[in-house]
Amino acid sequence: YTNSVQVKTDGTHLTRVTVDETGIYNFAFSLQLAKSTASAGYAYVWYRVNGHDIANTATKVLLSGSDAAAVAAWNFFVPMTAGDYFQLMWAADNTNTTILHEVATAFCPAIPSAIMTVNFISLPPA
């Protein structure tokens, strides 16, 4: 038995993480959120499976103040069937909100905008 996760790289579906084994998966992520204006705003994060939003998975993160920043980081345990795909989604109510990437500086490495780790947890219950 092998457990693995395949990431689509067909040039069209770059946001999809496709699994090739049926089971429970842990999708852990972090997003480096930033907002450049002084007004408060919310960023929303949730996930989809096979293109469908999954109920009760959204969270909102408040970004308040000029040059506000926050890291949204948590995980989802998701039952998946071989061939299903997972997508991490985000939206903001303020057009000045971004997922930030910064290049390396003299004193620290680059800051990636998003990190995701996917682990196979278990086979589904029989």
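The following dialogue goes through strand pairing, the nonpolar core and aromatic contacts in a predicted model.

Student: What makes E2 and E8 a strand pair?

Tutor: Two strands pair if DSSP finds at least two bridges between them, and strand E2 (residues 17–19) and strand E8 (residues 85–92) are joined over two bridges in the antiparallel sense, so they count as paired. Thr18 stands opposite Tyr85 in E8, and the charged end of Arg16 sits over the ring of Tyr85, 3.9 Å from its centre.

Student: How do you know that E4 pairs with E8 as well?

Tutor: Seven bridges join strand E4 (residues 41–49) to E8, and the two run antiparallel; because the criterion is at least two bridges, this pair also qualifies. Within this pairing, the bridge partner of Tyr44 is Ala91 in E8.

Student: Why is the contact between Phe27 and Phe86 called stacked?

Tutor: Ring centres must lie within 6.5 Å for a pair, and planes under 30 degrees apart count as stacked. Among the eight aromatic pairs found in the whole structure, Phe27 and Phe86 have 3.8 Å centre to centre and 5° between the planes, so both conditions are met. Phe27 lies in strand E3 and Phe86 in strand E8, 59 residues apart, and both Phe27 and Phe86 are buried.

Student: Why is the pair of Tyr47 and Phe86 stacked?

Tutor: The ring centres of Tyr47 and Phe86 are 5.2 Å apart and their planes are at 25°, so this pair is stacked. Since Tyr47 lies in strand E4 and Phe86 in strand E8, the pair ties together parts that are 39 residues apart in sequence. Tyr47 and Phe86 are both buried, and they belong to one aromatic cluster that also includes Phe27, Trp74 and Phe120.

Student: What makes the position of Lys60 count as a charge over a ring?

Tutor: Lys60 lies over the face of Tyr42, at 4.3 Å from the ring centre, and because the distance limit is 6 Å, that part of the criterion is satisfied.

Student: Which residues have the most contacts inside the largest nonpolar core?

Tutor: That core has 21 residues, and those with the most contacts inside it are Phe27, Leu33, Ala72, Val78, Met80 and Phe86. E2, strand E3 (23–35), E4, strand E6 (59–63) and strand E7 (68–80) each give two or more residues to this core, with E7 giving the most, six residues. Leaving aside residues up to four places away in sequence, Ala72 touches Phe29, Ser30, Leu31, Leu33, Val45 and Val61.

Methods
Residues numbered from 1 in each chain as written. Predicted model: local features only at pLDDT ≥ 70, side-chain atom pairs only at ≥ 80, totals over all residues. Heavy atoms only, no water. Helix = DSSP H or I, 4+ residues; strand = E, 2+ residues; numbered from the N terminus. Core = buried A, V, L, I, M, F, W, Y, C linked by side-chain atoms within 4.5 Å. Buried < 20%, exposed > 50% of the residue type's maximum accessible area, 1.4 Å probe, protein only. Contact = heavy atoms within 4.5 Å. Phe/Tyr/Trp six-rings, centres within 6.5 Å; stacked < 30°, edge-to-face > 60°. Lys NZ or Arg CZ within 6 Å of the ring centre and 35° of its normal.
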